[in-house]
Each structure stands twice: as structure tokens, then as C-alpha cells.
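Trainee: I should like to work through this protein with you, one question at a time. May we begin once the structure is in view?

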Amino acid sequence: MASGDPLVLGIETSCDETGVALVRGNELLFDAVASSMDEHARYGGIIPEVASRAHLEAMVPTIERALAESGCTLAQVDAVAVTAGPGLVGPLTIGASAAKSLALALDRPLYGVNHVIGHAAVDQLVHGEFPERVMALVVSGGHSSLLLVDDVATSVTELGSTLDDAAGEAFDKVGRLLGLPYPGGPHIDRLARQGDPTAIRFPRGLTARKDQAAHADDFSFSGLKTAVARWVETRVDAGEEVPVADVAASFAESVADVLTAKTIAACHRHDVGTLVVGGGFSANSQLREMAAARCAEAGIELRIPPIRFCTDNGAMIAALGSAVVRAGVAPSDLSIGVDSSMPLTTVSV
Ligand code: KG4
Ligand code: ZN
């Protein structure tokens, strides 16, 4: 890290976390996060209006906390980065408005950046600059994407994504089915550790030979979710007890198996020796364990940042902003909008 690198303030508001972080080069100075998840839990899903209000209320205190804890002043900020998409329009708009106000008042450049690519870029703060070419698997409640990253600031190719549910979304839906609190992902993870992953052979989406041609790098978890629902229903209808831990373990095994098998096959196909895994679902212990074992076997270097960097946060946006600024990419216009379905090939707007 050169001390001459610009100081980038990053703002993330695509979902329920208000994240603000300060990054210089690949060094994180501070990352402040406020979450409105407690307010959504009773609805069993994120309510965009509730999230937007929470962002509006948390924004200035979170910026103030990030500045105070990092020992920086607003005057020292060289550039402002903000999530421009994908995400929820209302929440994105609150972050973009705050970032534009800062950029305008401080007379500093604004960089509207891609949230999903931020989930990969944040790893640079932990494990250092990416090698020339990396594969990134970004898995969360909203996305499951496989990205070929030639340059995180300028050149990202989307190889595939989920055709239906994201991995975390499938966990949350199966969690609901098993009567677990929202979000169900971490609860299934915990239960799965007590069950037998080989107890039930659930389907592996898009792994049949006929799917390989068109969907080698795509994922599908809705068929699996339906298979789990059917399996549980049949037991309940027969008056039998449902072996919840075995169901969780077998389900988690299927998701981890498909994600790791397809990703490693893509690494081989594109001759990539480094895999970065990011997004809230990369907290999943079944995925972490299987990825570690299979990457070691395949001779692929695995980079997964600590869990606090995998869930939505400001550091990922400041990290990507920092990469974009250092690459000399032109700043965004102060009239940019937000894009709820921003293409994953667009790093910055
Ligand atoms: O990245 P994130 O915080 O928010 C989104 O952008 O979606 O990801 C949250 C998602 C939720 O679906 C949650 O259930 C899932 O990640 N998740 C997990 C685990 N921790 C979080 N799923 C399985 N196992 C976990 N340990
Ligand atoms: Zn995310």
C-alpha cells in the first residue's frame, strides 16, 4: 500500500445494511455497519420501505462513526464510492443521494460501483491484490454468480448465475419449510452440522449431461427446494417424524456440491488458479469445508474473506472504489441513477 493512494469513502445501501468504510489502497481504515434486519425478521423478508427509512436515519451517524474511528476527516476524503446496483431501488437511492451530496459538497469525484463485484473486491483488503486472473463465486440471499475477473476495476465477465433462487434464498425458503426463524440460512447450517449429509440423496440442479452444454456455469436451486418440500411432506402425511438435521445436512450437501463442482470445473476450463468466494452465503460452513477440500485437491488457491466482509458492508464498496480510482477509470456523472438489475459486467457507471 502506497500512502500516496487516494482515500476512498465507500457507501453501501443495496439491501438492509447501511455500510460506510474508509479505504486507502488495499488498506481498510474503518468499516461501520448498521443493520435493519431486526425490523424485517418478523415479516420473513426484507421490506424495502422499512430498509429505506432505516438507511435514511442511520446514514449520517454511520458516516460520523466511520470518520471518528478511522481518525479521518471529511476534508481528507479523495473520492466517494457508492453502490449503484444491483439491489433494492429505494435503499440504493438513499445511499446514492448521500454519496452525491458528499461528492458535491467536498468537490470530489463520485464512483457508482457494482455491489456484486464489490463482494469479490473486498477480498483484496484481506489477502492483497488479485493475481492477473481470478474466478469469483458470489453467493448471497440475492445472487449466485460466477464471474471471471481479469481486472476487478475494468474487466469482469459473467460466466453464469442462478436461473431461479439464489443459494441463500433457497436456504431461507427451506428454513421456513422446516419452521426455522428468518433468515433460515444460519439455522440450517447449524442443524446440518448435526445431521448425516448422505442420509437423503437430493437432486443436483443443472448437473445432468443435457444441461452441461447451455448451463455449465449456471445454477438452479428451485428444483432442489421443491424436492426437499416433497420429501418432508411425504413424511408428515405418513405421520412419521421428520429427521430435521438429516434433511438440513443432505440439502446443504447438495448446494455445496453443485456450487463447488461447477466453480472448479470453470476454473479448469478457463485455466484459472485462484478462486475468490464472497457474499453472505459464503459464511456457510458446508460450502467453506467442501470448497477448501476440493480446491486443495485441484491445486486451486482459495480466498474467502472473514465472515464480516462476506455479508453486505461498506468495505466492499470502498475496496472496489479504490481499485477503480487507482485504475484511472473516469468518475461517474453526478446525475447517475441507480440500477436494481445492474449487469455484472458493469464494474462502475
Ligand atoms: O450477502 P447477504 O448478507 O445479503 C444479501 O445480499 O443477500 O446474504 C444473506 C444470505 C441470507 O440468505 C442468509 O440466510 C444467508 O446469506 N446465510 C447463510 C449463512 N449465513 C448467511 N446461509 C447458509 N449458511 C450460513 N451460515
Ligand atoms: Zn450482497
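Trainee: How many residue pairs are in polar contact between domain 1 and domain 2?

Mentor: The model is a predicted one, and side-chain atom pairs count only at pLDDT 80 or more. Domain 1 covers 7-122 + 313-326 and domain 2 covers 132-307. With both residues at pLDDT 80 or more, the count of pairs in polar contact between these domains is 0.

Trainee: Which helix supplies the largest share of the side of domain 1 that touches domain 2?

Mentor: Helix H1 (37-41), helix H4 (115-121) and helix H13 (314-326) each give at least two residues to that side of domain 1. The largest share amounts to 6 residues, and its source is H4.

Trainee: How many charged residues has the side of domain 1 that touches domain 2?

Mentor: Sorted by class, that side of domain 1 has 11 nonpolar and 4 polar residues. Of the area buried between the two domains, about 1100 Å², 77% is on carbon and sulfur atoms. As for charged residues on the side of domain 1 that touches domain 2, there are none.

Trainee: Is the pair of phenylalanine 171 and phenylalanine 251 stacked, edge-to-face or tilted?

Mentor: This is a matter of ring geometry, and the structure holds 3 aromatic pairs. Planes under 30 degrees apart count as stacked and those over 60 as edge-to-face. For phenylalanine 171 and phenylalanine 251 the ring centres lie 4.7 Å apart and the planes stand at 45 degrees, so the pair is tilted.

Technical notes
Residues are numbered from 1 along each chain as its sequence is written. Chains are lettered from A and ligands numbered from 1 in the order in which they are written. This is a predicted model: local features need pLDDT of at least 70, side-chain atom pairs count only at pLDDT 80 or more; totals for chains, interfaces and linings use all residues. Side-chain values use heavy atoms; hydrogens and water are left out. Domain bounds come from an automatic or database domain assignment. Buried area is the accessible area (1.4 Å probe) that two parts lose on being put together, summed over both. A polar contact is a pair of N or O atoms within 3.5 Å; within protein, one must be able to donate a hydrogen and the other to accept it, and residues adjacent in sequence count only if both atoms are side-chain atoms. Helices (H or I, at least four residues) and strands (E, at least two) are DSSP runs, numbered from the N terminus. Ala, Val, Leu, Ile, Met, Phe, Trp, Tyr, Cys and Pro count as nonpolar, Asp, Glu, Lys and Arg as charged, and the others, Gly among them, as polar. Rings of Phe, Tyr and Trp (its six-membered ring) pair if their centres lie within 6.5 Å; planes under 30 degrees apart count as stacked, over 60 as edge-to-face and the rest as tilted.
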